[in-house]
Structures are given as C-alpha cells and as structure tokens.
Protein chains: 2
Amino acid sequence: MNFSSKIIEQAVNEFARFPGIGKKTAMRLVFHLIKRPANELEGLEESIQRIREELVFCSTCGNVSDSETCAICADRSRNHKLICVVEDMRDVMAIENTSQYRGVYHILGGLISPIDGVGPEDLNIDKLEQRIKDQEVDEVIMALSATMEGDTTGFYLSRRLKALGTKVSTLSRGISIGGELEYADEITLGRSIAARVPFD
Amino acid sequence: MNFSSKIIEQAVNEFARFPGIGKKTAMRLVFHLIKRPANELEGLEESIQRIREELVFCSTCGNVSDSETCAICADRSRNHKLICVVEDMRDVMAIENTSQYRGVYHILGGLISPIDGVGPEDLNIDKLEQRIKDQEVDEVIMALSATMEGDTTGFYLSRRLKALGTKVSTLSRGISIGGELEYADEITLGRSIAARVPFD
C-alpha cells in the first residue's frame, strides 16, 4: 500500500500485528482513530500502557491480575479446596460466566503439544503440585479442551496428581445442550453412548 | 462478561469502540496484547499517540498529513492544474495505488447526505473554490462513489465549479474490468449500454 503519511503507515503496521487483522482491516481501524476525539485515543493508549506496566500474574493460580493475588484467589467465600485446572484466562471467564462454579482456579498457561514444542515443563504444573501439598484440596477438576492436546495434558496431569493422593475429575462430555442428535459428530455421539448415565 | 481484572475490562471496552469489533473480538485482541513483549505494546501506544499529537490536515488539499503541506501537494513533479476530488484519504490511497494519476487531490471529508444530516456546508468545498480562484486549474475530476450520495455531491459540486468556468469531469462508469456480463447488475449494464463508446 501507498501511504501518504508515515504516521499512518506506522500505525497500520502496528495494528496489522494482531492475529486475524490484515493490512486492510488495520487501515480501517487507523482511519477510525483519525476521526475520533483526542481523549478517546488517550483512553486507548492508557489501557495498553496499563496492560504493559500494571498487569501481573496471580502468585497463587497464575491468572492475569491487577494485584499480587487475583480477585478470585482473594475471595474467602469461595471453596479453596476445589481447584479447576484450565488452559488460560479465557477459560476462567467462560466458567465464571456460567455462575455454576464457586471453587478456585489454576491456569496452566498452555497445553502439552509436542508439535508446537510445548512440554509439561513449559506449563504452570509445579506450582499446582505445591498448592496441593501446601493446603488441603478435596478435588481437582480438569476443565481442558476436548482436543488431542487437552486430552494429553489431562491424562498426564491426572497421573501426576493422583500420585499425590488427590481426587481428580474432568468435565463431562457428550451431546451439547440444545444440540440435535442427527447433527452431532460420530465420535461425540459414540462416546456419549458409551458414557451413558442413569436417567433421573 | 465477567472480568477478573479491571485493567483487562478497561482495555476490552476501549477496543470494542472500533467499528466492527465486538466484545469477543476485543477480548481476543487484548488477550494477544497480554502475551506480547513490552516493546511491542510501546510501539502500539506510540503510534496511537503520534496520530493524536502529530497528525494534521494538509492546508491545501485537506488530506491527513505529517506536515503542514502533504507529500502529494509538496511534490512539484505532479500536475497541480489537475485536481481530483475524493471523499476521504482512503480514496486517495486507492487512486495512488493505480499509479495512473499524476495530478493532485482535494478531500471533501464526506458526501452530501440529507439522511445523515450532512449538507454542502459540512464539506471542504469553500477551500476547493478558493484553490480554483487562486491558481490556474485545467480540470477537476470527480472521483466519488457511484452511490446516491456520491452522485448528489458530484452534481451539486459540478454546478458550483462550472459557474467558476472550470472544466469538470467524472470517473467513467460501466462493467468492471474482468467482470462477466451475466453477473453485472441491471442498472450498471443499462447505463453502460446508454453510455457506450466508440470501439478503438
């Protein structure tokens, strides 16, 4: 592209670094910024600066946090004997949005994936073991994606945690609520028949 | 959405102000930022700050520019007697990318649109008349969108400019190059028959 302004060219290149945002979309975003009042741009700058300078990782669960201990780990009304293991902070948000869970979390920061060169030593596992050793834990729930990487990580982790004498469970898998049977994929359908539960 | 961090919540809200970017996409962008090194975030902040503080409008053509006079208006090798009237800077970029035009531009900053409450007085028209009065201009080319608003603006503007004795032309309209006839819409096809040109 042929930019008449170096400032715009620089901004477009910066925005085009985002995943899923190409030069055309970046141009559209920058063009929007040009037309906005200065205080709106300042707000955007400030929020990026705060991510850079103020955001830390919770020393307990590893979630991104505004302070040394995140709001969830600091909440004494939650059940700290129940730990839900997730891949990243987006999963925490997804589970929190269900309003069904009142335990705490542990963020792995990824999943075991030999293809991407991610091994157990790259994940936040040692701290999870330390948590289980340091305090009483009734149950650890594996809330990992139902993918090859999620299953591998869950299998590896459950063996390590069971060795510590911890009860380990995983999310139930089957037909989605509201999902029509004829559109379910064969693997999910097959597994949900094998893993059928008593009708109550 | 249920954010565990105020910093992230603020950033998501800022990014969700962009057109076409909802909360989910904003979350994805912010999540990307969290994982990037500090210098990449600084680069993004700096580029937004430069848009806010350094970007100006060219005093001649009205295009966004790094300096008082934009690179195109400052280029003495271009034909300053040929002015191409466009809606905004994206149109300048589109025309520059064709490498077919060596004249200069005039940016209106919008199109006449009674529905949106945009009248001729909201557009950068007075300065265009002044340019034509101040210097010798051979021709003004209307390069406006082939929409109701573009046609209205072109019609209005050409009457005003012709009153000054200026030659006014408009982009040719018809079947797109590479476009198959059977897929052309009826209006374009009908107009291109009426506006047929000698075969050369």
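**Figure 1. Chains A and B meet through the same surface.** Of the interface residues of chain A, 100% are also interface residues in chain B, so the two copies use the same surface to meet. The model shown is predicted.

**Figure 2. The contact between chain A and chain B.** Chain A puts 45 residues into the contact, and chain B puts in 46 residues. On the side of chain A that touches chain B, the elements giving two or more residues are α1 (6-15), α2 (23-35), α3 (38-53), β2 (64-65), α4 (71-74) and α5 (89-98) of chain A. Of these, α3(A) gives the most, with 13 residues. Sorted by class, this side of chain A holds 22 nonpolar residues. Another 11 are polar and 12 are charged.

**Figure 3. The axis that relates the two chains.** Two copies of a chain are related by a rotation about an axis and a shift along it. Here, a turn of 180° and a shift of 0.0 Å along the axis lay chain A on chain B. The RMSD of that fit is 0.1 Å. This is the relation of a two-fold axis. Which residue of chain A comes closest to the rotation axis? A:Glu45 does, with its C-alpha at 2.6 Å.

**Figure 4. The domains of chain A.** The domain assignment splits out two stretches of chain A: domain 1 (6-53) and domain 2 (76-170). Taken over C-alpha atoms, the centres of domain 1 of chain A and domain 2 of chain A are separated by 35 Å.

Note on methods. Residues are numbered from 1 along each chain as its sequence is written. Chains are lettered from A and ligands numbered from 1 in the order in which they are written. This is a predicted model: local features need pLDDT of at least 70, side-chain atom pairs count only at pLDDT 80 or more; totals for chains, interfaces and linings use all residues. Two residues are in contact if their C-beta atoms, placed from the backbone, lie within 7 Å. Helices (H or I, at least four residues) and strands (E, at least two) are DSSP runs, numbered from the N terminus. Ala, Val, Leu, Ile, Met, Phe, Trp, Tyr, Cys and Pro count as nonpolar, Asp, Glu, Lys and Arg as charged, and the others, Gly among them, as polar. Copies are superposed by least squares on the C-alpha atoms of residues with pLDDT of at least 70 in both. Domain bounds come from an automatic or database domain assignment.
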